Amino acid sequence: MKVKLTVIILPLFLAALAVLRPAPIAETETGNLEVIALDPGQDLNTLRLNFPLDPLLADGLKVYFLVERKYLEAIRESGYVFTIETGRFEKQKEKSLRLKADGAGGLNGAYHSYRELAAELRSLAASYPVLARLYVPGRSLENRNIYALKISDNPALREDEPGIALLGGHHAREWISVEVPLLIGRYLLENYHRDNRVRDLVNSAEIWIVPLVNPDGLEYSILNYRLWRKNRRLNQDGSYGVDLNRNYSYQWAYDDIGSSSKPSSAVFRGTGPFSEPETEGIRKLFHNHRMSAAISYHSFSQLILYPWGYLDQPTEDEALLRSLAEDMAGLISRVNGRVYQTGRAASSLYLTNGDFADWAYGFFRIPVFTIELPPVDLLRGGFLNSESDIEPIFQENLPAALYLIERVVASYTSSGARAVPFFRRELEKKRESMVKDRPGAAFKGKESR
Ligand SMILES: [Zn+2]
């Protein structure tokens, strides 16, 4: 998400801050978090790219970040003027920790931990053996499974049907993005026998539910530091984490705005495209199974984004992508009245290179959307959705996902060779502009500006 300089009020800032846990970053011996406040007139984007800062809130006058104490001096030396505001929030912090410790359901409440998710996926596959099959296209650095639940009639067979992938949990702290694809999958299975529309879609498509691309990061977010974003790679400089949504191959490292070469950055792209086993698992899944569309769920901002993300230019398919996004936004708003803005990723949110959506579109030429789930801004909680948010956010996203599956099924032309459902084109002619989908290939894009 982006640092939005929306005007907000202090109590909500306190609420967001209250998830702070003492000594949260285990890899830093002297590590301790501070809250710093900066004047938004400074170049905060560059600051964020150069230091592992987590944006908390903006109140119109100041922008607040969480940062490890050890970076304070370097930030100051880089010319940034800030004040340390940590002390103002100690009380809220303690109060919140007491509440959490007393609460039931674990630290993450109704949200799924890796273990809980694994158990639920296994249980769904076991309960619906005729409709679902659990795959593990990859494993994480810490050896957790990247699960992909395939939902279709004859799930053990590879049929001539379009694949649609629903992904979540690229970013550790975006817990709601795990729940939405999982609940959509569960809905399809539970309603197959009672809803003709669901049955038709499941019979004529292969729906892949991949709720948690970054299991190590999620566990770290639950147990150590709620606002963790990246995976848990130990980088060469001693910092941790690669931003998995900057680690895909298409236009990887295109510039240093849409991702960072600095390991400590929150948007560190990794040492090469698909350097991380988590993204490699997704790459395998897409190469082994024909996908015709995909949605990658994130939070927050209430946006439906389509490529490109690396460059603020339209794709050749912009008109179609825009109309699909607008249709989905219309369906979403009808459920709870919430508005999701639509737009090209690069112009709507911020530049990103090496993200999943650019890769899936750029390499496979399929419609791909990044849906930034609620809330709309930090005022309403940022990454910190409540447990009671899960159901309404799932409910509003369900019709949009069903609609996309339906459109893909309707436009799917089966062919013995290779069907290119939405974007039928002469791939040969495009070959030189397509990147090689292989780590280490020479397609690092332009030198940074
Ligand atoms: Zn995200």
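Which residue in S9 does Gly 163 stand opposite? Select Gly 163 and look across: the residue facing it in S9 is Met 291. Keep in mind as you go that this is a predicted model.

**The sheet**

Stay with that pair of strands. S7 and S9 run parallel and are joined by five bridges. Now widen the selection to the whole open sheet, which has eight strands in the order S5-S6-S8-S7-S9-S12-S10-S11, with mixed pairing. The edges are strand S5 (132-139) and strand S11 (341-344); each has a single partner strand, so one side of each is left without a neighbour in the sheet. Direction ignored, neighbouring strands here are turned by 20° against each other on average.

Next, show helix H9 (277-288). H9 packs on the sheet, where it touches S5, strand S6 (145-151), strand S8 (206-210) and S9. If you compare directions, H9 makes about 135° with S5.

**Strand S12**

Pick strand S12 (368-373). Six of its six residues are buried, so the rest of the structure largely encloses S12. Colour the two faces separately: Val 368, Thr 370 and Glu 372 lie on one side, Phe 369, Ile 371 and Leu 373 on the other, and all are buried. That pattern is worth a second look, as side chains in a regular strand alternate between the two faces of the sheet.

What about the partners of S12? With S9 the pairing is parallel, over six bridges. With strand S10 (residues 303-306) it is antiparallel, over three bridges. Click on Ile 371 to see both: Tyr 297 has Ile 371 as its bridge partner in S12, and Ile 304 stands opposite Ile 371 too.

**Helix H12**

Move on to helix H12 (residues 356-364), where eight of the nine residues are buried. Among them are Phe 356, Trp 359, Tyr 361 and Phe 364. To see what does the covering, add S7 (163-167), H9, S9 (291-299), helix H11 (345-348) and S12, which are included in the cover over the buried residues of H12. Then step just past the end of the helix to Arg 365, which takes a positive phi of about 50°.

**The core**

Now hunt for the largest nonpolar core, a set of 111 residues. Good ones to select are Ile 164, Leu 166, Ala 294, Ala 360 and Leu 404, which have the most contacts inside this core. Helix H13 (residues 390-411) gives the most to this core, with eight residues. Colour by domain as well: the core draws at least three residues from each of domain 1 (10-102) and domain 2 (114-433).

Zoom in on Ala 294. Leaving aside neighbours within four places in sequence, Ala 294 is in contact with Ile 164, Ala 165, Leu 167, Ala 360, Ile 366 and Val 368.

**Two stops in helices**

Go to Tyr 187 in helix H6 (residues 176-191). Buried or partly exposed? Tyr 187 is partly exposed, because 17 other C-beta atoms lie within 10 Å. Draw a C-alpha to C-alpha distance from Tyr 187 to Leu 398: it is 8.7 Å, with the two 211 residues apart in sequence.

Then select Arg 199 in helix H7 (residues 196-204). Arg 199 is also partly exposed, with 16 other C-beta atoms within 10 Å. Its C-alpha is 8.0 Å from that of Leu 188, 11 residues away in sequence.

**Zooming out**

Show everything: the protein has 14 helices and 12 strands. Buried residues make up 49% of its 449 residues. Among contacts between residues at least 6 apart in sequence, 78% join residues at least 24 apart.

Conventions:
Residues are numbered from 1 along each chain as its sequence is written. This is a predicted model: local features need pLDDT of at least 70, side-chain atom pairs count only at pLDDT 80 or more; totals for chains, interfaces and linings use all residues. A residue is buried if 20 or more other C-beta atoms lie within 10 Å of its own, exposed if 12 or fewer, and partly exposed in between; C-beta atoms are placed from the backbone. Helices (H or I, at least four residues) and strands (E, at least two) are DSSP runs, numbered from the N terminus. Two residues are in contact if their C-beta atoms, placed from the backbone, lie within 7 Å. Two strands pair if DSSP finds at least two bridges between them. Axes are lines fitted to C-alpha atoms, for helices over the stretch in contact, and angles run from 0 to 180 degrees between N-to-C directions. A nonpolar core is a set of buried Ala, Val, Leu, Ile, Met, Phe, Trp, Tyr and Cys residues joined through C-beta atoms within 7 Å. Domain bounds come from an automatic or database domain assignment.
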